[in-house]
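This report introduces a protein model to a reader who has not met it before. It treats charged pairs, aromatic rings and sheets in turn.

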Amino acid sequence: MSVIDDLQWRGLIHDSTDLDDLRKHLDAGPVVFYVGFDPTAPSLHHGHLLQLTVARRLQLAGHRPLLLVGGATGQIGDPREESERALNPPEVVAGWVRRIRDQVAPFVTYDGDNAAQLVNNLDWTGPMSVIEFLRDVGKHFPVNRMLAREVVRARLETGISFTEFSYQLLQANDFFELHRRHGCTLQFGGSDQWGNITAGVDYIRRRGGGTVHAFTTPLLSRADGKKFSKSEGTAIWLDPQMTSPYAFYQFWFNSDDRDVNQYLRYFSFRSHEEIAELEKQTAERPAARAAQRALAEELTTLLHGEEECRQAVAASQALFGRGALAELSPATLRAALAEAGLVEVRRPLPSLATLFKEAGLVSSMNEARRAIAEGGAYVNNERVSDGDQPVPESALLHGRYLVLRRGKRTVAGVEVTD
């Protein structure tokens, strides 16, 4: 099966230039392609996983990736429909470029005949003068066509700066420069980039570069209609300092049954037959969450490595009494408790009833004492029976953490400080 047929089966092609020509182009031999990432935050997020896993699929099919980090375009910002972007200082953008370069590294290989290469568009955009930009680039862009772009039309009433209006030219010039410097003949990106991407295809033709190709992937969405947004705090970051490997694992493990089959097709590198079997299991035994577990383990391993995935799985089991809490690393344990709900308590340690109330597992001291007396309360997965008993220092995991549980499923964490 050709890589294009596989991408279509997975639902990963949203728009494209002539698809038959693109299929022939990719089947004819190794192709140099690129996908770009603008540093508009310290980390990429889970929406970027679509682009990164598609780049991996194309490289596994024998093609050569250019992963572009936008040191130049990240200082400008692609226009949004709502309002003008705040411009980040160049030194901040440069720091984000370095961080994002590390984040894309696990998805491709930098060895072999089709070794991936990291590129930065500041290398060719930075030295360009205003006159060069206007004469050599701007001359080839009809303003009426630029005004027809949907996001630009949406902003004409409220206003759009020349800075954001010109973003399309910068991205189009990236494709041209990569075509000229590296023989790049394919660009892909998210479906919201279609106007920018086709502007690059047209620009290369206008500059005498011949035919190049492009496609876009769908934007990641949820069956409930809610959108993921970093501005609304719902992004799952790829940087482990911003979203822990445990939280990353839990995000995919908690995928809605209505979403998980599509996510499997988007992100998993399992065969079509294996994915079909997982889809069947979801339909027949949704409570087993076989598809969610397979997806969470595969993506966590791909991004964070086997050991971090093992710790995430162990933590998800240990919190509910199905594993040893003491075997979890301090970082994994804290991340798991932060997801469950972590409260800070100062020494000396209070009574068990006080801890359960402070952690939000009960609404009053009387309710806490009753839950403990009835045998439905646990500390570090050990049942407790006396609500007025203080917690001994020896019970603290890694000298500072407690796992509180009420019943089988309601968990909270305590972090003890001096």
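Is Arg-310 buried, partly exposed or exposed? Arg-310 counts as partly exposed, at 42% relative accessibility; here buried means under 20% relative accessible area, exposed means over 50%, and partly exposed lies in between (1.4 Å probe, protein chains only). The model is predicted, so local features need pLDDT of at least 70, side-chain atom pairs count only at pLDDT 80 or more, and totals for chains, interfaces and linings use all residues. Residues are numbered from 1 along each chain as its sequence is written, and side-chain values use heavy atoms, with hydrogens and water left out.

## Salt bridges

Side chains of opposite charge can pair when their charged atoms come close. A salt bridge is here a side-chain nitrogen of Lys or Arg within 4 Å of a carboxyl oxygen of Asp or Glu, and the structure holds 20 of these salt bridges. The table gives three of them, including the one formed by Arg-310.

| Acidic residue | Basic residue | Closest N and O atoms |
|---|---|---|
| Asp-6 | Arg-10 | 3.1 Å |
| Glu-177 | Arg-181 | 2.9 Å |
| Glu-307 | Arg-310 | 2.9 Å |

Asp-6 and Arg-10 are both buried. Arg-181 and Glu-177 are 4 residues apart in helix H10 (residues 167-182), which means that about one helical turn separates them. Helices (H or I, at least four residues) and strands (E, at least two) are DSSP runs, numbered from the N terminus. Arg-181 counts as partly exposed, at 43% relative accessibility, whereas Glu-177 counts as buried, at 8%.

Glu-307 and Arg-310 both belong to helix H16 (residues 306-318), where they are 3 residues apart, about one turn of the helix. Glu-307 is partly exposed, with a relative accessible area of 44%. Elsewhere, salt bridges that share partners join Arg-145, Asp-202, Arg-205 and Arg-206 into one network.

## Aromatic rings

Rings of Phe, Tyr and Trp (its six-membered ring) pair if their centres lie within 6.5 Å; planes under 30 degrees apart count as stacked, over 60 as edge-to-face and the rest as tilted. Across the whole structure, 12 aromatic pairs are found. One of these is the tilted pair of Phe-141 and Tyr-203, with 5.2 Å from centre to centre and 35 degrees between the planes. This pair links distant parts of the chain, 62 residues apart: Phe-141 is in the loop between helix H6 (130-137) and helix H7 (143-147), and Tyr-203 is in helix H11 (residues 194-206). Phe-141 counts as buried at 10% relative accessibility, and Tyr-203 counts as buried at 1%.

Trp-252 and Phe-267 form an edge-to-face pair, 5.2 Å centre to centre with 65 degrees between the planes. Trp-252 lies in helix H12 (residues 245-253) and Phe-267 in helix H13 (residues 257-267), 15 residues apart. Both Trp-252 and Phe-267 are buried. Ring pairs link these two residues with Phe-248, Phe-251, Tyr-263 and Tyr-266 into a cluster.

Phe-141 also appears around Gln-168, a residue of helix H10. Gln-168 is buried, with a relative accessible area of 9%. Leaving aside neighbours within four places in sequence, Gln-168 is in contact (heavy atoms within 4.5 Å) with residues including Phe-141, Met-146 and Arg-149.

## Two sheets

Strands of a sheet pair through backbone hydrogen bonds, either parallel or antiparallel. Two strands count as paired if DSSP finds at least two bridges between them.

One open sheet has 6 strands in the order S1-S6-S5-S2-S3-S4, with mixed pairing. Strand S1 (15-16) and strand S4 (117-120) stand at its edges, each with a single partner strand, so one side of each has no neighbour in the sheet. Strand S2 (residues 32-37) and strand S3 (residues 64-69) are parallel and pair over 6 bridges; Tyr-34 has Leu-66 in S3 as its bridge partner.

Another open sheet has 5 strands in the order S7-S11-S10-S8-S9, and its pairing is mixed. At the edges stand strand S7 (342-346) and strand S9 (382-383), each with a single partner strand, so one side of each is left without a neighbour in the sheet. Strand S8 (residues 377-379) and S9 run antiparallel and are joined by 2 bridges, with Tyr-378 opposite Arg-383 in S9.
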